[in-house]
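Trainee: Could we go through this one together before the group meeting? I'd like to start at the C-terminal hairpins, if that suits you.

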Amino acid sequence: MKCCECKAEEAVILTTNKEVFCLDCYKQIVYNSLRKQNEFVYPEEITILEGKIKHVFSIVHSFNEEGFLWSCSEKDGFYEVQYLASIEDSFENAYLGFIEKLVDTVYTKTVKKTFMSKTWNVFKSELADVQMAETGQISIHEDDLGHIFFVIDGQAYSPEQLADLLAPYKGKTMQYQISSPTVDVIKEDEKLIKAKK
Ligand SMILES: [Zn+2]
């Protein structure tokens, strides 16, 4: 679906008014409505479009000594996104930084399709065509029974399924870093490990 404003870019945001925008046009719409009304009222719900898939998020906002904390959870899925903006930031810039992170989160994939895996995982057909990217993010969750599970790209995985996703890398080392949910999304071409000089 194309953005209803520029009619060129693919739409990534569906508003509660049923309008669809690319990220740039959505930012412009927020600034324009601010200019007209002199105050910005953020929506309680926003939908991120990923092709035909709709990720519906309910938005919560709070304010503390660290800044503006925006957070949202996917209504019928496992995505959870948090964004901390500085107190010096304007309210609408903080909101738009949060929306940008929401789009980044949905559009940056940690689980990749692969054609290699059937050779290592012939007995596990449900995971046979996927593996973890070399860099990415995994959220750690606990279910109602106190069991740990993982969320990757908005999907829940058991510890065993996570192990299967990592199986193509056997023999390698995984270096990792535990972070607050408010950190930026790590992109495909970014590395945690510095190259040796
Ligand atoms: Zn647009």
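**Strands, sheet and helix**

Mentor: Bearing in mind that this is a predicted model, begin with β10 and strand β11 (residues 155-157), which pair in the antiparallel sense over 3 bridges. Within that pairing, Val-151 has Ala-156 of β11 as its bridge partner.

Trainee: And which residue in the hairpin of β10 and β11 takes a positive phi?

Mentor: That is Asp-153, with a phi near 50°, in a hairpin that has 2 residues between the strands.

Trainee: What about β9, how many bridges join it to β10?

Mentor: There are 4 bridges between strand β9 (residues 139-142) and strand β10 (residues 148-152), and the two run antiparallel. Ser-139 is paired there with Val-151 of β10, and Val-151 is also the residue whose partner in β11 is Ala-156. β9 and β10 form a hairpin as well, with 5 residues between them, and Gly-146 in its turn has a positive phi of about 85°.

Trainee: Switching topic, what is the strand order in the open sheet?

Mentor: The order is β2-β1-β3-β4-β5-β6, giving 6 strands with antiparallel pairing. β2 (20-21) and β6 stand at the edges with a single partner strand each, so one side of each is left without a neighbour in the sheet.

Trainee: Then how many bridges do β4 and β5 have?

Mentor: β4 and β5 pair over 8 bridges, again in the antiparallel sense, and one pair of bridge partners is Ile-59 with Cys-72 of β5. Helix α2 packs on this sheet, where it touches β3, β4, β5 and β6, and its direction makes about 145° with that of β6.

Trainee: Which residues of α2 are buried?

Mentor: Ala-94, Tyr-95, Leu-96, Phe-98, Ile-99, Lys-101, Leu-102, Thr-105 and Val-106 are buried, so you will notice a lysine and a threonine in that list. The cover over these buried residues includes α1 (23-37) together with β3 (45-50), β4 (53-64), β5 (67-74) and β6 (80-85).

Trainee: What span should α2 have?

Mentor: Helix α2 (residues 91-107) has 17 residues, which at 1.5 Å a residue should span 24 Å, and the 25 Å between its end C-alpha atoms agrees with that.

Trainee: Last thing, where do the domains fall?

Mentor: The domain assignment gives domain 1 (13-107) and domain 2 (111-169), and their centres, taken over C-alpha atoms, are separated by 28 Å. Their contact takes 6 residues from domain 1 and 5 residues from domain 2, and the side of domain 1 that touches domain 2 has 2 nonpolar, 2 polar and 2 charged residues.

Definitions and conventions: Residues are numbered from 1 along each chain as its sequence is written. This is a predicted model: local features need pLDDT of at least 70, side-chain atom pairs count only at pLDDT 80 or more; totals for chains, interfaces and linings use all residues. Domain bounds come from an automatic or database domain assignment. Two residues are in contact if their C-beta atoms, placed from the backbone, lie within 7 Å. Ala, Val, Leu, Ile, Met, Phe, Trp, Tyr, Cys and Pro count as nonpolar, Asp, Glu, Lys and Arg as charged, and the others, Gly among them, as polar. Two strands pair if DSSP finds at least two bridges between them. The expected span of a helix is 1.5 Å times one less than its number of residues. A residue is buried if 20 or more other C-beta atoms lie within 10 Å of its own, exposed if 12 or fewer, and partly exposed in between; C-beta atoms are placed from the backbone. Axes are lines fitted to C-alpha atoms, for helices over the stretch in contact, and angles run from 0 to 180 degrees between N-to-C directions.
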